[in-house]
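Here are a few exercises to work through with the structure open next to you. Try each one before you read its solution.

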Amino acid sequence: MGIYFSDLSDAQKKEVSSGGVVIDNVEGAAAQVGLRPGDIILTMNNVDVKDAKQFAGLLSKVDTKKAVVLLVRRGDVSQFIPIRPIAQ
């Protein structure tokens with residue numbers, strides 16, 4: 001999907017009061033839908049994202065023929081963003 005991510009810092013965890021991952025860099029499908037470095041991914045297809053290891057596992061099971069929906073927080077605003085993975 002073109003999302004490079006890492007675990008939240010302690011300050012980011014306090015800010016969102018839950019788990020998630022922070023986007024470090026984007027390309028491809030992720031860039032096309034407007035994801036940006038610094039965005040925090042909170043859920044994928046209504047599954048709470050806890051940390052980078054769990055999110056990587058979720059991504060590994062994505063059907064590249066179907067769109068996924070991410071709940072993304074940017075600043076004080078959270079929004080759902082559908083993204084269709086690009087088949088490799």
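**Exercise 1. Following the sheet**

Which residue in strand 2 does Phe5 stand opposite? Once you have it, trace the strand pairing onward.

Solution. Keep in mind that this is a predicted model.

Step 1. Start at Phe5: its opposite number in strand 2 is Ile23. The two strands involved, strand 1 (residues 3–7) and strand 2 (residues 21–26), pair in the antiparallel sense over five bridges.

Step 2. Move to the other partner of strand 2. Strand 2 and strand 3 (residues 40–44) are antiparallel too, paired over two bridges. Here Val21 has Ile41 of strand 3 as its bridge partner.

Step 3. Keep going. Strand 3 and strand 5 run antiparallel and are joined by four bridges, with Met44 bridged to Leu70 in strand 5.

Step 4. Finish with strand 5 and strand 6, an antiparallel pair joined by seven bridges. Leu71 stands opposite Phe80 of strand 6 in this pair. The two strands make a hairpin with two residues between them, and Gly75 in the turn has a positive phi of about 65 degrees.

**Exercise 2. Inside the fold**

Which residues touch the most other members of the largest nonpolar core? Work out which elements feed that core, too.

Solution.

Step 1. The largest nonpolar core has 19 residues, and Ile3, Leu35, Ile41, Phe55, Leu70 and Ile83 are the ones touching the most other members.

Step 2. Look at where the core residues come from: strand 2, helix 2 (28–32), strand 3, helix 3, strand 5 and strand 6 (77–83) each put in at least two. Another core, of six residues, lies apart from this one and includes Val22, Ile40, Leu42 and Leu71.

Step 3. Pick Ile41 and check its surroundings. Beyond its neighbours within four places in sequence, Ile41 has contacts that include Ile3, Val21, Phe55 and Leu70.

Step 4. Now check strand 5. Five of its seven residues are buried, so strand 5 is largely enclosed by the rest of the structure.

**Exercise 3. The aromatic pair**

How many aromatic pairs does a search of the whole structure find? Describe the geometry and say what gets tied together.

Solution.

Step 1. The search turns up one. Its members are Phe5 and Phe55, with ring centres 4.8 Å apart and 80 degrees between the planes, which makes the pair edge-to-face.

Step 2. Place the two rings. Phe5 is in strand 1 and Phe55 is in helix 3, so the pair ties together parts that are 50 residues apart in sequence.

Step 3. Check the burial of Phe55. Its relative accessibility is 0%, so Phe55 counts as buried.

**Exercise 4. Charges around Arg73**

Which residues are linked with Arg73 in a network of salt bridges? Build the network one pair at a time, then find the pair outside it.

Solution.

Step 1. A bit of background: side chains of opposite charge can pair when their charged atoms come close. The structure holds three salt bridges.

Step 2. Begin with Arg73 and Glu15, whose side chains meet in a salt bridge at 3.9 Å, N to O. This pair spans 58 residues, from Arg73 in strand 5 to Glu15 in helix 1 (residues 10–16). Arg73 has a relative accessible area of 18%, and the cut-off for buried is under 20%, so Arg73 is buried. Glu15, at 45%, is partly exposed.

Step 3. Add Asp76, which also forms a salt bridge with Arg73 at 3.9 Å, N to O. Asp76 is exposed, with a relative accessible area of 73%. That gives the network: Glu15, Arg73 and Asp76.

Step 4. Look for a further polar partner of the Arg73 side chain. One of its polar atoms lies 3.0 Å from the backbone oxygen of Gly75.

Step 5. Turn to Arg74 and Asp39, whose side chains meet in a salt bridge at 2.7 Å, N to O. Arg74 is in strand 5 and Asp39 is in the loop between helix 2 and strand 3, 35 residues apart. Arg74 counts as partly exposed at 27% relative accessibility, whereas Asp39 is buried at 2%.

Methods: Residues numbered from 1 in each chain as written. Predicted model: local features only at pLDDT ≥ 70, side-chain atom pairs only at ≥ 80, totals over all residues. Heavy atoms only, no water. Buried < 20%, exposed > 50% of the residue type's maximum accessible area, 1.4 Å probe, protein only. Polar contact = N/O pair within 3.5 Å; in protein donor to acceptor, adjacent residues only side chain to side chain. Pairing = 2+ DSSP bridges. Core = buried A, V, L, I, M, F, W, Y, C linked by side-chain atoms within 4.5 Å. Contact = heavy atoms within 4.5 Å. Phe/Tyr/Trp six-rings, centres within 6.5 Å; stacked < 30°, edge-to-face > 60°. Salt bridge = Lys/Arg side-chain N within 4 Å of Asp/Glu carboxyl O.
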